[in-house]
Amino acid sequence: MRRKLVAGNWKMNGTGADLKEIDALGIAWAAPRVEIVVCPPATLVSRVAFTLGGQPIRVGGQDCHAEQSGAHTGDVAAEMLAEAGATHVILGHSERRADHGETDAIVHAKVEAAHRAKLTAIVCVGESLEQREGGTTLDVVAGQLAASLPDGATAQNTVVAYEPIWAIGTGKVPSTEQIAEVHGAIRDKLRERFGEEADGIRLLYGGSVKADNAEAIFATADVDGALVGGASLKSTDFSPIVSALE
Ligand code: PEP
């Protein structure tokens, strides 16, 4: 049985003043059935972890470098995130792929780094609007999946997030049939490669998830939760999404 998961991606948003949102989440979700992960900017990882104290909500990074240390100005190692209190890290987000030229090979190395540091990697895949309209979505996603995931991926150390690029931050959401088609194809590819282990790997949907569409998305086959961007910044927006999954 796969435990449901909702992860919030704060992107490049959040300062110390926003720790009040973490306080509010901690009060609202003292004993959640689902797994909740908040991924603030790297500057806030340790403060969010400290604010949550012993509470069950987890903290994640939004990226890590493949190396453990070295001459990589501005980068953060997976081990550093883990030391700061993170248990998860988002990798291969389309904004990282676009802004920083991250290829599947780079993402693959980063996922291995996350595993080395005992972090759960939330690995993002998803097609552009052009690819969707060109009918290549399943091929694109299968290619990203094959090249981004290392052989050591397990149900414990890896989560896959399907995030169509055209749905991120746009208010546009694929139909539940479209989501089910891609999630089903991802599950099939994972089974081909990882056998029975694949049945435990959680598949999140991401892209304009909000309180008013969460229930329908969560009722879709092979959706084990969501990766939420904009609606994760305020606990009053995020909590109803968690409620829809509980
Ligand atoms: C994201 O950034 O991963 C995301 C899904 O963003 P949004 O929910 O704002 O579309």
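Which residues are covered by the UniProt annotation "binding site"? In this predicted model, the annotation, which comes from an unreviewed UniProt entry, covers Asn9, Trp10, Lys11, Gly169, Ser208, Gly229 and Gly230. Although these residues are spread over 222 residues of sequence, they cluster in space, with a largest C-alpha distance of 13.9 Å. Around the ligand there are 14 residues, of which Ile168, Gly169, Gly206, Gly229 and Gly230 come nearest. Sorted by class, the shell around the ligand consists of five nonpolar, seven polar and two charged residues.

Several of the annotated binding-site residues can be placed in loops of the fold. Lysine 11 lies in the loop that joins strand 1 (5–9) to helix 1 (19–28), and it is partly exposed, because 19 other C-beta atoms are found within 10 Å, whereas a residue counts as buried if there are 20 or more. Glycine 229 belongs to the loop between strand 8 (225–228) and helix 10 (235–245), and with 23 C-beta neighbours inside 10 Å this glycine counts as buried. When residues up to four places away in sequence are not counted, glycine 229 touches Asn9, Lys11, Ile168 and Gly169. Serine 208, in turn, is located in the loop between strand 7 and helix 9, where it is buried, with 22 other C-beta atoms within 10 Å. The backbone of serine 208 has a phi near 60 degrees, which is a positive value in a residue other than glycine. For comparison, most residues other than glycine have a negative phi.

A second annotation in the unreviewed UniProt entry, "active site", lists His93 and Glu163. These two residues span 71 residues in sequence, yet their C-alpha atoms are not more than 8.3 Å apart, so they gather at one spot. Histidine 93 is part of the loop between strand 4 (88–91) and helix 4 (94–100), while glutamate 163 is part of the loop between strand 6 (158–162) and helix 8 (176–194). Histidine 93 counts as buried because it has 27 C-beta neighbours inside 10 Å, and glutamate 163 is likewise buried, with 27 other C-beta atoms within 10 Å. Leaving aside residues up to four places away in sequence, histidine 93 touches Gln62 and Cys124. With neighbours within four places in sequence set aside in the same manner, glutamate 163 is in contact with Ser94, Cys124, Gly126, Ile168, Gly206, Gly207 and Leu227.

Strand 4, which comes before the loop of histidine 93, contains isoleucine 90. With 27 C-beta neighbours inside 10 Å, isoleucine 90 counts as buried. Although isoleucine 90 and aspartate 63 are 27 residues apart along the chain, their C-alpha atoms are separated by 5.7 Å. Aspartate 63 is one of the residues that isoleucine 90 touches beyond four places in sequence, and the others are Asn9, Cys39, Gly60, Gln62, Ile122 and Cys124.

Helix 8, which follows the loop of glutamate 163, has 19 residues and reaches 26 Å from its first C-alpha to its last, close to the 27 Å expected at 1.5 Å a residue. The buried residues of this helix are Ile179, Val182, His183, Ile186 and Leu190. They cover an arc of only 95 degrees around the axis, which puts them on the same side of helix 8. A general property of helices is relevant here: an α-helix has 3.6 residues a turn, so residues three or four places apart point the same way. The buried residues of helix 8 pack against helix 7 (137–148), strand 6, strand 7 (202–206) and helix 9 (211–218). The face turned away from this buried side carries the exposed residues Glu177 and Glu192. Just after helix 8, glycine 195 takes a positive phi of about 65 degrees.

A positive phi also occurs at lysine 118, which has a value of about 65 degrees although it is not a glycine. Lysine 118 is found in the loop between helix 5 (104–116) and strand 5 (120–125). With 12 C-beta neighbours inside 10 Å, lysine 118 counts as exposed, whereas serine 208, whose phi is also positive, is buried.

How values were computed: Residues numbered from 1 in each chain as written. Predicted model: local features only at pLDDT ≥ 70, side-chain atom pairs only at ≥ 80, totals over all residues. Near = placed C-beta within 6 Å. Nonpolar A, V, L, I, M, F, W, Y, C, P; charged D, E, K, R; others polar. UniProt positions renumbered as here; feature names shortened; annotations may be inferred. Helix = DSSP H or I, 4+ residues; strand = E, 2+ residues; numbered from the N terminus. Contact = placed C-beta atoms within 7 Å. Expected span 1.5 Å × (residues − 1). Arc of directions from axis to C-beta.
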